[in-house]
Amino acid sequence: TPAWGNEDQPPFVNAVAAVDTTLPADELLQAMLALEQRFGRVRDPSVHWGPRALDLDLLLYGAQELDQPGLKVPHPYMHERAFVLVPLAEIAPDLAIPGQGRVQDAVMRVDACGIAPLG
């Protein structure tokens, strides 16, 4: 997908995965952040939406809605971002985004121009 936010960088590869876990949401997020670090991710608060080797986001946690420091689920902007919704619609079009409706409906409301499958 084209770079988003900070557009002066190469395109990104975006993907969505569904996982089963016994970890609570906050522990799952910490495990995801640790994985980013193992791949060389350094979070620099002065560079928003900058280049990175890996960027993992916890989009949903079942049907739960969470608002904790550092963790908001569903991801507060996922319903506005085609680079999230297009791959999510490939694996779970009927999934409900709490407070936003079904994924397949949300993807129809965003501009998916420039998003292409790898092939």
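Which residues does E36 touch, not counting residues up to four places away in sequence? The legends below answer this and describe further close-up views of a predicted model.

**View 1. Surroundings of E36 in helix 1.** E36 touches R41, R43, L54, D55 and L56, when residues up to four places away in sequence are not counted. The relative accessibility of E36 is 1%, and a residue counts as buried under 20%, so E36 is buried.

**View 2. Length and two faces of helix 1, residues 25-38.** The helix has 14 residues, which at 1.5 Å a residue should span 20 Å. The C-alpha atoms at its ends are 20 Å apart, in agreement with that expectation. The buried residues of helix 1 are A25, L28, L29, M32 and E36. They cover an arc of only 100° around the axis, and therefore lie on the same side of helix 1. A general rule helps in reading such a pattern: an α-helix has 3.6 residues a turn, so residues three or four places apart point the same way. The exposed residues Q37 and R38 are carried on the face of helix 1 that is turned away from its buried side.

**View 3. Cover over helix 1 and the residue G40 after it.** Strand 1 (66-68) and strand 2 (71-73) are among the elements that cover the buried residues of helix 1. Just after helix 1, the backbone at G40 takes a positive phi of about 95°.

**View 4. Surroundings of L85 in helix 2, residues 82-91.** Is L85 buried or exposed? L85 has a relative accessibility of 0%, and therefore counts as buried. Apart from neighbours within four places in sequence, the residues in contact with L85 are M78, H79, I97, V103, A106, V107 and V110. L85 may also be placed relative to Q30: the two residues are 55 residues apart in sequence, and their C-alpha atoms are 23 Å apart in space.

**View 5. The second largest pocket and its lining.** This pocket has a volume of about 270 Å³. It is lined by 15 residues, of which N14, P87, A116, P117 and L118 are the closest to its centre. What kinds of residue form the lining of the second largest pocket? The lining consists of 12 nonpolar residues, two polar residues and one charged residue. As a general principle, rolling a probe the size of a water molecule over the atoms shows where empty space is left.

How values were computed: Residues numbered from 1 in each chain as written. Predicted model: local features only at pLDDT ≥ 70, side-chain atom pairs only at ≥ 80, totals over all residues. Heavy atoms only, no water. Helix = DSSP H or I, 4+ residues; strand = E, 2+ residues; numbered from the N terminus. Expected span 1.5 Å × (residues − 1). Buried < 20%, exposed > 50% of the residue type's maximum accessible area, 1.4 Å probe, protein only. Arc of directions from axis to C-beta. Contact = heavy atoms within 4.5 Å. 1 Å grid on protein atoms, 1.4 Å probe; cavity = no way out; pocket = protein on both sides within 12 Å on 5 of 7 lines; lining within 4 Å. Points joined across faces, edges and corners; volume = space filled by probe spheres on them. Nonpolar A, V, L, I, M, F, W, Y, C, P; charged D, E, K, R; others polar.
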